[in-house]
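Reader: Could you walk me through the terms used for this model, and show how the values earn them?

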Amino acid sequence: MSAWGQWRSVKPVVRCPDDVLAELLDGGQAFRWNRVDGVWRGVWGNYIAELTSQNDVVQWRAPVLIEDRVSRDISTYLGPDDVFADAWDALPHRSDPVLKAAMGQWPGLRLLRQPFAEAVLCFLCSSMKQITHIKQICETLALRFGAEIIPGVRALPSWSTLHRVSEGELRAAGLGYRARFIHGTSHFLAGQPGWLDVVEDLPYPEAKHRLMQLPGVGAKIADCALLFGAGKLEAFPVDTWIARVMTERYRLEGWSLEQIAHFGRAHYGQYAGLAQQYLFSSARRA
DNA sequence: ATCCAGGTATGCA
DNA sequence: TGCATACCTGGA
């Protein structure tokens, strides 16, 4: 690894304790963060950074080669406190003891804003997988097909690059049946330049509808990509964890996944996705 | 060893 | 519409 720049606070400020930072970076929103010598090292897009929490304030540093770029965009990725202040306030934690407990457990937890194309790719890799294995697959994809950002560190491959990779090579990267979906999606996107950029800026319902045209993208993966990669905070992904915790804590026995998703958006409101993240984290660490 | 994991697409009542 | 089943692979 080449030389690293100086540590400094993220500006505008990102405030969260060490264990919440760990949950933010390595709790299933993103898959390319790892603890290295006691700090978090991660990659998103063509950015690389290290993060640590000092007195609950997040500090960063980056390789000097790309320091300017990281400096310019890291707060967008992490989501500063002032961006989430309204959402934290607007969530119905005053009237909902379940949400209140989950929010109290993870003070400062927020939603990352990842590159949209990358979020689609990572969550296309995620079905029926545990986080550790999703991370492993992402690492392999970057190593084998990604562009080098600085010596020794590679980005995730773009969709146009993936289009040139055979389904067999994708299978060999450990993707299993997901290889066919990724190959199919790369083919779809290759025929529609700019399609993802348009979808990213659409209102949530329309964006979700369009995303679900991609092979392998159902309601859950579409919601994850929109929540973590497009800033659609009303997206409410319902996976097995959320289904389990919502069923238990809101007495929703017998409800389908789609009904639970509908309940979530109706009950939590326009920032339902943020509430989902608190519930998800509290369930995973219950 | 055997089972199951942050789902989706498909086929049948 | 609504539910069961197959699909790859590796880690517990």
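Author: Gladly. A polar contact is a pair of N or O atoms within 3.5 Å; within protein, one must be able to donate a hydrogen and the other to accept it, and residues adjacent in sequence count only if both atoms are side-chain atoms. This is a predicted model, where local features need pLDDT of at least 70, side-chain atom pairs count only at pLDDT 80 or more, and totals for chains, interfaces and linings use all residues. Side-chain values use heavy atoms, without hydrogens and water, residues are numbered from 1 along each chain as its sequence is written, and chains are lettered from A and ligands numbered from 1 in the order written.

Reader: What makes the pair of Asp239 and a base nitrogen of DNA strand B a polar contact?

Author: A polar side-chain atom of Asp239 lies 2.5 Å from that base nitrogen, and the limit is 3.5 Å, so the pair counts. Trp241 offers a side-chain N or O atom 3.4 Å from a phosphate oxygen of DNA strand B, while Lys129 uses a backbone N or O atom, 3.0 Å from a phosphate oxygen.

Reader: Which residues are closest to DNA strand B?

Author: Gly28, Gln130, Gly216, Gly218 and Asp239, among 24 that surround the strand; near means a heavy atom within 4 Å.

Reader: How do you know that the largest cavity lies between two domains?

Author: Domain 1 (8–79) and domain 2 (116–229) both give residues to its lining, so it lies between them; the bounds come from an automatic or database domain assignment. Phe31 and Leu156 are among the residues that line this cavity.

Terms used: 1 Å grid on protein atoms, 1.4 Å probe; cavity = no way out; pocket = protein on both sides within 12 Å on 5 of 7 lines; lining within 4 Å.
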